[in-house]
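Work through the exercises below with the sequence and the model at hand. Each task is followed by its solution.

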Amino acid sequence: MPHKCEAIVVHCMDYRLQSFINQWLEANLAKGSYDRAVMAGGVYDIYDVIRQVDIAARLHGISKVVLINHEDCGMYGMSGTEERHEEDLSKAEEKIKRLFSHLEVDTYYLNLDGMFEHK
Ligand SMILES: [Zn+2]
C-alpha cells in the first residue's frame with residue numbers, strides 16, 4: 001500500500017541532543033510525518049546520507065530534507081568548528097539538490113544548549 005510522508009530528517013546519534021531534536025521536530029514538522037535517519041556525524045558521510053534520502057524519496061515520496069549537524073560532534077573531533085559544519089551542510093545540500101532536484105533542503109546547526117541555527 002503506498003504511503004507518504006513530508007520529510008526525511010538526518011541527524012547525529014549523539015545522546016546529548018535527542019530530546020532537543022525530538023522537541024524541535026514536534027514543533028516544526030507535522031506530527032509523525034517524517035522519516036528519521038540517525039547517523040554518526042550527521043552529514044559527515046554524505047554518501048550514507050544520500051542513500052537514505054534516495055530510499056525515503058522512493059518509498060515515501062518526501063518533498064523535504066532536513067539536515068542537522070551539531071556542536072562538539074565526536075565524528076569531527078577537533079576539526080568540528082562551526083565553519084566546518086556550515087561548509088559540510090552546504091556541500092550536502094548542493095549534492096542532494098543536484099541529485100534530487102524536486103526536494104527542498106533545510107540545514108541546521110544545533111548547539112549543545114539546544115539552540116537551532118538555520119544555516
Ligand atoms: Zn555528533
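The exercises concern a helix, its packing and one residue elsewhere.

The model is predicted: local features need pLDDT of at least 70, side-chain atom pairs count only at pLDDT 80 or more, and totals for chains, interfaces and linings use all residues. Numbering starts from 1 along each chain as its sequence is written.

**Exercise 1.** Compare the expected span of helix H3 with the distance between its end C-alpha atoms.

Solution. Helices are DSSP runs of H or I with at least four residues, strands runs of E with at least two, numbered from the N terminus. The expected span is 1.5 Å times one less than the number of residues. For the 18 residues of H3 (residues 82-99) this gives 26 Å, and the end C-alpha atoms are 26 Å apart, so the two agree.

**Exercise 2.** Which residues of H3 are buried, and which exposed residues does the opposite face carry?

Solution. Buried means 20 or more other C-beta atoms within 10 Å of a residue's own, exposed 12 or fewer, partly exposed in between, with C-beta atoms placed from the backbone. His-85, Asp-88, Leu-89, Ala-92 and Ile-96 are buried. Their arc around the axis is only 100 degrees, so they lie on the same side of H3. The face turned away carries exposed Glu-83, Glu-87, Lys-91, Glu-94 and Arg-98.

**Exercise 3.** Where is Gln-23, and is Gln-23 buried or exposed?

Solution. Gln-23 belongs to helix H1 (residues 18-28). Gln-23 has 11 C-beta neighbours inside 10 Å and therefore counts as exposed. From Gly-114 it is separated by 91 residues in sequence and by 9.7 Å in space, C-alpha to C-alpha.

Key: Arc of directions from axis to C-beta.
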